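Here's a quick tour for anyone about to load this chain into a viewer. Have the structure open as you read.

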Amino acid sequence: MKFLKKIFSFLDKPQDDVLMLYVRCNHCKTVFGIRIDLRRDLNSTYGEGPAEFTLRKEAMDNKCYRLIIITMEFDSARKVLQQDIQGGTFVTVEEYQQYHASR
Ligand SMILES: [Zn+2]
């Protein structure tokens with residue numbers, strides 16, 4: 001797996017492919033951001049299924065430490081096809097900013 005990842009990063013043009021996700025913990029309602037590196041964090045599906053890449057990300061806030069599991073699917077251009085979350089809710093960047101501005 002490490003070897004394959006090296007090939008993929010070598011093939012990729014140098015660019016800042018970062019996706020920010022904002023989530024709210026379902027338990028303690030903490031809102032926080034998760035940084036996804038689209039070059040390093042995605043796994044190829046090797047042609048299995050409609051998506052080209054998948055991502056499984058585990059995250060937790062710094063208040064209740066409950067696990068939030070994010071699963072996503074991407075096409076070959078690394079655009080999001082589908083996203084799912086367990087233990088939390090996706091929020092917009094505006095909600096994230098409001099949450100932190102009000103604290
Ligand atoms: Zn929490």
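What follows goes from the overall layout to the two sheets, then to the core and a couple of residues.

**Confidence and layout**

Keep in mind that this is a predicted model. The mean pLDDT of the protein chain is 88, with 84% of residues reaching 70 or more. Where does confidence drop lowest, and where does it peak? Helix 1 (residues 2-11) sits at the bottom with a mean of 54, while strand 7 is at the top with 98.

The protein chain holds two helices and seven strands. Read from the N terminus, the elements go α-β-β-β-β-β-β-β-α, so to speak a run of strands with a helix at either end. Of the 103 residues, 14% count as buried. For contacts between residues at least 6 apart in sequence, 41% link residues that are at least 24 apart.

**The three-stranded sheet**

One open sheet has three strands in the order 2-1-7, with antiparallel pairing. Strand 2 (31-37) and strand 7 (88-90) are at the edges and each has a single partner strand, so one side of each has no neighbour in the sheet. From one strand to the next, the twist averages 40°.

Strand 1 (residues 18-25) pairs with strand 2 through seven bridges, in the antiparallel sense. To pick out one of these pairs on screen, look for Leu 19, whose bridge partner in strand 2 is Ile 36. Helix 2 (residues 93-101) packs on this sheet, touching strand 1 and strand 2, and its direction makes about 135° with that of strand 2.

**The four-stranded sheet**

The other open sheet has four strands in the order 3-4-5-6, and again the pairing is antiparallel. Here strand 3 (43-44) and strand 6 (80-86) take the edges with a single partner strand each, so one side of each is left without a neighbour in the sheet.

Strand 4 (residues 53-59) and strand 5 run antiparallel and are joined by seven bridges. Strand 5 (residues 68-74) is in turn joined to strand 6 by six bridges, also antiparallel. Strand 5 and strand 6 make a hairpin with five residues between them, and Arg 78 in the turn has a positive phi of about 65°. Phe 74 stands opposite Val 80 of strand 6, and Thr 71 has Asp 84 as its bridge partner in that strand. On the strand 4 side, Glu 58 is the bridge partner of Ile 69 in strand 5.

In a regular strand, side chains alternate between the two faces of the sheet. Strand 5 has a covered face made of Ile 68, Ile 70, Met 72 and Phe 74. Its uncovered face carries Ile 69, Thr 71 and Glu 73.

**The core**

Which residues make up the largest nonpolar core? There are 12 of them: Leu 21, Val 23, Cys 25, Phe 32, Ile 36, Leu 42, Phe 53, Leu 55, Ile 68, Ile 70, Met 72 and Phe 74. Strand 1, strand 2, strand 4 and strand 5 are the elements that give two or more residues to this core. Strand 5 has the largest share, with four residues. In soluble globular proteins, nonpolar side chains tend to be buried together.

Met 72 is a handy one to click on. Leaving aside neighbours within four places in sequence, Met 72 is in contact with Thr 54, Leu 55, Val 80, Gln 82 and Gln 83.

**Two residues outside the buried class**

Are Thr 54 and Ile 85 buried or partly exposed? Thr 54 has 17 other C-beta atoms within 10 Å, while a buried residue needs 20 or more, so Thr 54 is partly exposed. Ile 85, found in strand 6, has 18 within 10 Å and is therefore partly exposed too.

Not counting residues up to four places away in sequence, Thr 54 touches Leu 42, Asn 43, Thr 45, Met 72 and Glu 73. On the same basis, Ile 85 touches Val 23, Ile 68, Ile 70 and Phe 90.

Here are two C-alpha pairs to check in the viewer.

| Pair | Apart along the chain | C-alpha separation |
|---|---|---|
| Thr 54 and Thr 71 | 17 residues | 7.3 Å |
| Ile 85 and Ile 70 | 15 residues | 4.5 Å |

Technical notes
Residues are numbered from 1 along each chain as its sequence is written. This is a predicted model: local features need pLDDT of at least 70, side-chain atom pairs count only at pLDDT 80 or more; totals for chains, interfaces and linings use all residues. Two strands pair if DSSP finds at least two bridges between them. Axes are lines fitted to C-alpha atoms, for helices over the stretch in contact, and angles run from 0 to 180 degrees between N-to-C directions. Two residues are in contact if their C-beta atoms, placed from the backbone, lie within 7 Å. A nonpolar core is a set of buried Ala, Val, Leu, Ile, Met, Phe, Trp, Tyr and Cys residues joined through C-beta atoms within 7 Å. pLDDT is the predictor's confidence in each residue, from 0 to 100.
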